[in-house]
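Welcome! Let's work through a few exercises together, one step at a time.

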Amino acid sequence: MEKLPHFLCIDLKSFFASCECLERNLDPFITPLVVANKKQGKGAITLAVTPFLKKQGIKGRTRLYEIPKNIQYFIVNPRMKLYAEKSKEVISIYLDFVAQEDLHIYSIDECFLDITNYLNLYKKSDYEIALDILNTIKAKTGLTATCGIGPNMLLAKVAMDIDAKHMSNCIAKWEVKDIEDKLWKIKPLSKMWGIGKQMEKHLHNLGIYSIKDLALYDKNKLKDKFGIMGLELWNHANGIDTSKISDFKNIKKDKSFSHSQVLFKDYYAENTKLIIREMSEVLASRLRQANYESSCIGLGISYSKNYQDGFFHTTKLEVPTNDINIIIKTCFLLFERYYNFLPVRKVTISCSYLSKSLGIQLNIFENYENILKKKNYLQTIDDVKNKFGKNSLLKATNLLPDSTAIERNKKQGGHYE
């Protein structure tokens with residue numbers, strides 16, 4: 001009989017701020033410390049605040065001028081090297097409890113552990129193992145961690161996010177029976193793992209205001225609106241997650257096309273979308289010219305060096321494509337789902353799981369003539385740019401101040417008269 005899965009999701013509480021306190025022999029639970037770039041003045045975004053300040057209602061990512069004037073605090077500059085070293089110390093502790101193949105490092109301060117095969121080994125429950133790990137982290141590093149336990153990675157993560165911080169041992173366990181009573185009651189939608197503020201707005205437009213609303217919504221309509229991501233949203237709202245830590249290991253390095261761009265000033269939501277659109281157009285053109293289609297689109301965002309690393313997420317498509325509109329839509333959905341409203345300094349887009357383009361993909365919503373016209377139109381654009389330079393044909397958006405297309409094309413041999 002197959003074993004019931006047991007996953008842990010562990011997060012280091014107020015990690016950056018706690019590291020700074022420990023370096024100064026201070027207790028983060030009674031110290032009003034803020035991690036932020038002092039050079040940016042009162043407009044700086046806080047990278048982290050201590051649990052002491054969080055109890056007073058100060059959020060982890062807010063601008064300094066938004067902190068009430070009656071609250072006293074002191075600011076320290078971020079030290080990413082210190083945080084990376086501390087993170088490695090904690091990861092070595094995880095590896096004292098589980099093998100490498102049962103550990104997934106989700107971020108600098110957060111990890112997933114599959115402890116399914118360790119219950120019999122340690123002769124302990126999942127809760128007891130979690131408590132042992134948290135106590136070891138505290139004893140060896142001084143850091144406080146929170147932990148969620150669940151039968152899948154999703155429920156472990158959400159239990160940690162929503163409940164663990166309120167528990168005496170900082171451990172919360174959610175089971176399948178808790179989906180309706182706990183998962184469905186999460187409000188607002190953006191408190192749910194994987195739903196950002198922009199995605200929340202899209203869901204509100206569909207009349208979805210709670211996780212229960214999302215769980216009971218027609219999944220086919222969500223799929224029509226958001227593609228594969230819509231099905232994932234519906235599955236998560238119903239507590240369904242079939243992913244395993246092994247899914248993140250030994251990923252096949254197949255042929256792929258990718259494009260990265262370092263930005264020379266801070267970009268935010270709208271002008272980052274402009275860059276994503278321009279880069280997607282470049283990749284779609286490369287796919288067409290190489291006669292390839294992609295069934296996996298990835299988007300990576302790196303924030304300004306004073307902030308957290310950023311993210312890179314992929315989503316698989318049901319049908320391989322080199323259609324610019326599908327690539328842009330997919331990248332936008334990934335951006336809206338994971339973007340944290342921090343200054344962006346690097347954008348990466350990848351198209352992987354490539355296959356040869358064997359013909360025109362027909363669908364019931366568009367006739368053959370229109371699809372053929374679109375293909376010929378894009379081929380004409382490619383031909384003109386190949387002959388006269390990449391800047392020989394431009395969109396109006398390429399003339400916007402935040403566009404980088406013209407300068408980038410010049411470096412790649414384009415010209416603009």
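**Exercise 1.** Find the residue in E8 that is the bridge partner of Ile149.

*Solution.* Start at Ile149 and step across to E8: the partner there is Lys173. Next, look at the two strands, which are DSSP runs of at least two residues, numbered from the N terminus. E7 (residues 145-150) and E8 run parallel and are joined by 3 bridges; two strands pair if DSSP finds at least two bridges between them. This is a predicted model, where local features need pLDDT of at least 70 and side-chain atom pairs count only at pLDDT 80 or more, while totals for chains, interfaces and linings use all residues. Residues are numbered from 1 along each chain as its sequence is written, and side-chain values use heavy atoms, with hydrogens and water left out.

**Exercise 2.** Place E7 and E8 in their sheet, and name the edge strands.

*Solution.* First, write down the order of this open sheet of 5 strands: E5-E6-E1-E7-E8, with mixed pairing. Then check the ends: E5 (103-107) and E8 (171-173) each pair on one side only.

**Exercise 3.** Which strands does helix H5 lie across?

*Solution.* Helices are DSSP runs of H or I with at least four residues. Locate H5 at residues 126-141; this helix lies across E1 (7-12), E6 (110-114), E7 and E8, judged by contact, meaning heavy atoms within 4.5 Å. Now compare directions: H5 runs at about 165 degrees to E7, with angles from 0 to 180 degrees taken between N-to-C directions of axes fitted to C-alpha atoms, for helices over the stretch in contact. Finally, H6 (residues 153-162) lies across E1, E5, E6, E7 and E8, at about 140 degrees to E7.

Note on methods. Contact = heavy atoms within 4.5 Å.
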